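Okay, thanks for squeezing me in. Let me put the thing up on the screen and then walk you through a few side chains.

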Amino acid sequence: AEFLALPKEKQWAYQQDLKARLDYKNVMDYAKEMAKEEGLKEGLKEGLKEGLKEGLKEGLEKGLEQGLEQGKEEAKIEIAKSLLDVLDDKTISLKTSLSEDIIKKLRVKN
């Protein structure tokens with residue numbers, strides 16, 4: 001009721017001021033939302049980049065470790081093969097740390 005008691009030009013000024021404030025609030029809310037979305041996109045992009053980098057590093061380390069272990073095992077087998085004609089299975093097993101079963105299988109193959 002107080003608003004209606006104001007002169008028409010004051011009512012008009014009040015409505016214009018209210019409209020300007022609401023427009024400003026909407027613009028700011030929209031800007032905040034856009035900034036938030038942009039920030040999330042940038043954060044996700046950075047996170048993926050870091051994750052890939054870390055994953056590759058970890059994968060390479062594990063691959064290298066696995067390759068070294070496999071190489072050691074293959075070297076033991078080659079040594080065991082070269083000893084088949086001069087030593088018994090138990091001695092070859094003790095010196096190469098391969099099981100006697102593996103030595104027996106190598107002996108059957110050769």
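So, start with Glu78 and Lys81: their side chains meet in a salt bridge, 3.6 Å from N to O. Keep in mind that this is a predicted model. Both residues sit in helix H2, 3 residues apart, which is about one turn of the helix. How exposed are they? Glu78 comes out at 47% relative accessibility, so we call it partly exposed, and Lys81 is also in the partly exposed class, at 35%.

Now slide back along the helix to Glu69. This one forms a salt bridge with Lys72, with the closest N and O atoms 3.8 Å apart. Again we're in helix H2, and Glu69 and Lys72 are 3 residues apart, about one turn. Glu69 is partly exposed, with a relative accessible area of 46%.

Next pair: Lys49 and Glu46, whose closest N and O atoms are 3.9 Å apart in a salt bridge. Guess the spacing: 3 residues, about one turn of helix H2. Lys49 counts as exposed because its relative accessibility, 53%, is over the 50% cut-off. Glu46, at 41%, is partly exposed.

How many salt bridges does the structure hold? There are 9, including the Glu78 and Lys81 one we began with.

Last stop, Gln11, which is in helix H2 too, a helix that runs over residues 8–83. Buried or exposed? Gln11 is buried, because its relative accessible area is just 9%, and the cut-off is under 20%. And what does Gln11 touch, leaving aside neighbours within four places in sequence? Phe3, Leu4, Ala5 and Leu6.

Key. Residues are numbered from 1 along each chain as its sequence is written. This is a predicted model: local features need pLDDT of at least 70, side-chain atom pairs count only at pLDDT 80 or more; totals for chains, interfaces and linings use all residues. Side-chain values use heavy atoms; hydrogens and water are left out. Helices (H or I, at least four residues) and strands (E, at least two) are DSSP runs, numbered from the N terminus. Buried means under 20% relative accessible area, exposed over 50%, partly exposed in between (1.4 Å probe, protein chains only). Contact means heavy atoms within 4.5 Å. A salt bridge is a side-chain nitrogen of Lys or Arg within 4 Å of a carboxyl oxygen of Asp or Glu.
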